[in-house]
Amino acid sequence: MKVPKRLQPLVDDGMVDEVLYQLMSGKEAQVYVVRCGDQTRCAKVFKEATKRSFKQAVEYQEGRKVRNSRRARAMSKKTKYGQKEQEDAWLNAEVDALYRLAAAGVRVPEPLGFVDGVLLMELVADEDGKAAPRLDDVTLSPEQARDFHGQVIREVVRMLSAGLIHGDLSEFNVLVDARGPVIIDLPQAVNASGNNNAERMLERDVDNMRRYFGRFAPELLNTDYGKEIWALYESGDLHPDSKLTGCFQHDDTAANVDELMEIIDAAKEEEWERQERMRDAEED
């Protein structure tokens, strides 16, 4: 196919030999399958900020550290330079998260380079060597659902043990290769220790997976891994091989009604956005 403009620099530099086809196009990026020598890989081309939805960027970026003080000041003042730096920081977040999680043994695509807003990475493939399907495109038996759910929960634990939370985990950003689930799409990865929304985001990620796999194995709907995982993390007892039960003893003390209403409103907005993503995915 014709080389997209954003991929031309990688072709010129010899990082990519041929663009084979476009794999997907979403709100945040377009993904192409490319040939690099005798290897087939993915090139994720992030869209410009004006063409992407940055609605929740502030919530996700809380707790991320900016080493350069000049950049940090510019970002906080929202100057033109600061907006560019914030954009670069957002795009680099996925690359940093992928390297960090791959080193921690989490099943994510291997990052291979990042040039001018293009992330070159491993192509996650199925048994036939073709691009692996999204979890949403796979029909599961109850046994497969229980197995894959267990694998995803272990990946969530490994991620949190490495200090990160996906922040937007759903059936649309998990691929299924010959070995099972592979987690993708991490530009919004959350710093677990520095973000006030970390607990809620972790529980939302886990609950999304519970609801999805519960379609095929209804008994999973009775589990509560999210709160169990977070309780272990808060107490300092979480590690990559932690044994989980899926049970959690809830606090029966009276609820703060105002706080509860805020949580309900936030959940409604998150569900609306999830439904919007589903509609966009169907259109793609």
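**Exercise 1. A salt bridge within one helix**

Which residue's side chain meets that of R146 in a salt bridge, and what is the N to O distance? State where the two residues lie and how accessible each one is.

*Solution.* The model examined here is a predicted one.

Step 1. The partner of R146 is E143, and the N to O distance of this salt bridge is 3.7 Å. A salt bridge requires a side-chain nitrogen of Lys or Arg within 4 Å of a carboxyl oxygen of Asp or Glu.

Step 2. Both R146 and E143 belong to helix α5, which covers residues 142–161. They are three residues apart, about one turn of the helix.

Step 3. R146 has a relative accessibility of 36% and therefore counts as partly exposed. E143, at 51%, counts as exposed, since the class begins over 50%.

**Exercise 2. The pairing of strands β2, β3 and β5**

Describe how strand β3 is paired with strand β2 and with strand β5.

*Solution.*

Step 1. Strand β2 comprises residues 29–36 and strand β3 residues 39–46. The two strands pair in the antiparallel sense over eight bridges. One of the bridge partnerships is that of V33 with C42 in β3.

Step 2. Consider next the connection between these strands. β2 and β3 form a hairpin with two residues between them. In the turn, G37 has a positive phi of about 65°.

Step 3. Strand β3 is also joined to strand β5, residues 118–122, by five bridges. β3 and β5 run antiparallel. Within this pairing, K44 has L119 in β5 as its bridge partner.

**Exercise 3. The salt bridge of K44**

Identify the acidic residue that meets the side chain of K44 in a salt bridge, and explain what the contact ties together.

*Solution.*

Step 1. The side chain of K44 forms a salt bridge with that of D185, with an N to O distance of 2.9 Å.

Step 2. K44 lies in strand β3, whereas D185 lies in the loop between β8 (180–183) and β9 (190–191), so the salt bridge ties together parts that are 141 residues apart in sequence.

Step 3. The two partners are then classified by accessibility. K44 has a relative accessible area of 5% and is therefore buried, the limit for this class being under 20%. D185 has a relative accessibility of 27% and so counts as partly exposed.

Step 4. The backbone of D185 also deserves attention. Phi of D185 is near 60°, a positive value in a residue other than glycine.

**Exercise 4. From one salt bridge to a network**

How many salt bridges does the model contain in total? Locate the one between E171 and R274, and name the network to which these residues belong.

*Solution.*

Step 1. The count comes to 16 salt bridges.

Step 2. In the salt bridge between E171 and R274, the closest N and O atoms are 3.6 Å apart. The pair links distant parts of the chain: E171 is in the loop between β6 (164–165) and β7 (174–177), while R274 is in helix α8, 103 residues apart.

Step 3. E171 is buried, at a relative accessible area of 2%. R274 also counts as buried, at 12% relative accessibility.

Step 4. A network of salt bridges links E171, R215, E271 and R274.

Step 5. The loop between β6 and β7 also holds N173. N173 is buried, with a relative accessible area of 5%. The C-alpha atom of N173 is separated by 9.0 Å from that of L186, a residue 13 positions away along the chain.

**Exercise 5. Two surface patches**

Which residues make up the patch of negative charge, and which make up the nonpolar patch?

*Solution.*

Step 1. The patch of negative charge on the surface consists of D258, E259, E262 and D265. Of these, E262 is placed in helix α8, residues 257–283. E262 is exposed, with a relative accessible area of 56%.

Step 2. The nonpolar surface patch, of about 430 Å², is made by M1, L20, Y21, L23 and M24. L23 is found in strand β1, residues 18–25. At 38% relative accessibility, L23 counts as partly exposed.

**Exercise 6. A positive phi in a loop**

What is the approximate phi of D116, and where is this residue placed?

*Solution.*

Step 1. Phi of D116 is positive, about 50°, although D116 is not a glycine.

Step 2. D116 is in the loop between β4 (111–115) and β5. With a relative accessible area of 59%, D116 is exposed.

Terms used
Residues numbered from 1 in each chain as written. Predicted model: local features only at pLDDT ≥ 70, side-chain atom pairs only at ≥ 80, totals over all residues. Heavy atoms only, no water. Patch = residues over 30% accessible without salt bridge, like charges linked within 9 Å, V, L, I, M, F, W, Y side chains within 5 Å. Areas by Shrake-Rupley, 256 points an atom, 1.4 Å probe, with all protein chains shown as cover. Lys, Arg positive; Asp, Glu negative; His and termini not counted. Charge placed at Lys NZ, Arg CZ, Asp CG, Glu CD. Helix = DSSP H or I, 4+ residues; strand = E, 2+ residues; numbered from the N terminus. Buried < 20%, exposed > 50% of the residue type's maximum accessible area, 1.4 Å probe, protein only. Pairing = 2+ DSSP bridges.
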